[in-house]
Amino acid sequence: MSAQTPIIVHHLNDSRSQRVLWLLEELEVPYEVKFYQRTADYLAPPELRAVHPLGRSPVITDGPVTLAETAAIVEYLIKKYGKGKFVAPEEGELTELYFRNFSEGTFLPILGQQFVFEQVPKKAPFLLRPLLKVVFTGLTKLLVAKPLQGSLDYIETTLSKSNSTWFAGGPEPTASDFLLSYGIETLAVEKDSPLGPKAKAWLAAVQARPAYKRGLKKGGDYAYAKN
Ligand SMILES: N[C@@H](CCC(=O)N[C@@H](CS)C(=O)NCC(=O)O)C(=O)O
């Protein structure tokens, strides 16, 4: 394969894959977007399985490399194309290590659970819906509300202590910022958004970046920000 073959991002509408487009625009690396549309069940279409066995987005191909998992993709791209940018300063390295793991290991799973609990009553047979709504609202209060609020409080505390706009306190966003953008954006568009002032200001800074705006235009439909 030629060294000039551009990176291809296998991109699903309204998805966490948008983070990869933002990063690639920041890196100023040529890339192409291959679009996949969610099915009526909000799943990825089966064609994505031909690219990666799990059939989820994002996946990138970069010459002979095929890589899935946003956190792995972000780390790979910054290492390979970052030219030393988008890396935490020494004093922010631990915060960086923590928050990029927190994003995928704690924050997004809580939001995923919230999403599923909301969906169950909506997808249930009509007559069961009122009962399931009561049950799953209760489960959300029990299992989602507290850890979510704890996570948001910790985000507020961390951003208050940062030496800059960004989680790791450096002059540029780092992997933590790219990864957290999706979860924070999904909460920003909720009615009565639970985001605190620091998270809102951080998101405004993300969305004001020219590279972010270019990524949004390239990605097409994205329900969590205006393009
Ligand atoms: N941990 C993976 C999760 C990938 C994932 O679940 N992507 C969603 C998009 S937000 C997807 O492809 N959903 C469609 C499906 O599961 O069929 C990552 O961060 O890349």
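A nonpolar core, as I will use the term, is a set of buried Ala, Val, Leu, Ile, Met, Phe, Trp, Tyr and Cys residues joined through side-chain atoms within 4.5 Å, where buried means under 20% relative accessible area, exposed over 50%, and partly exposed in between, with a 1.4 Å probe and protein chains only. Please keep in mind that this is a predicted model, in which local features need pLDDT of at least 70 and side-chain atom pairs count only at pLDDT 80 or more, while totals for chains, interfaces and linings use all residues. Residues are numbered from 1 along each chain as its sequence is written, and side-chain values use heavy atoms, with hydrogens and water left out.

Let me begin with the domains. The protein is divided into domain 1 (7-81) and domain 2 (90-209), with bounds that come from an automatic or database domain assignment. Their C-alpha centres lie 21 Å apart, and the contact between them, meaning heavy atoms within 4.5 Å, takes 13 residues from domain 1 and 14 residues from domain 2.

Turning to the interior, the largest nonpolar core has 53 residues, and those with the most contacts inside it are Leu77, Phe107, Ile155 and Trp202. This core draws at least three residues from each of the two domains. Apart from it lies another core, of five residues, among them Leu12, Tyr36, Leu48 and Ala68. Ile155 touches Phe99, Phe102, Phe107, Phe167, Ile184 and Ala199, if we leave out residues up to four places away in sequence.

Two of those phenylalanines also meet as an aromatic pair, which requires ring centres within 6.5 Å for Phe, Tyr and Trp (its six-membered ring), with planes under 30 degrees apart counted as stacked, over 60 as edge-to-face and the rest as tilted. The ring centres of Phe102 and Phe107 are 5.5 Å apart and their planes stand at 15°, so this pair is stacked. Phe102 is buried at a relative accessible area of 4%, and Phe107 is buried at 0%.

Finally, the ligand. Of the 14 residues around it, Ala44, Arg56, Ser57, Glu69 and Thr70 come nearest, a residue being near if one of its heavy atoms lies within 4 Å. A backbone N or O atom of Ala44 lies 2.8 Å from a ligand oxygen, and a side-chain N or O atom of Arg56 is 3.0 Å from an oxygen atom of the ligand.

Methods
A polar contact is a pair of N or O atoms within 3.5 Å; within protein, one must be able to donate a hydrogen and the other to accept it, and residues adjacent in sequence count only if both atoms are side-chain atoms.
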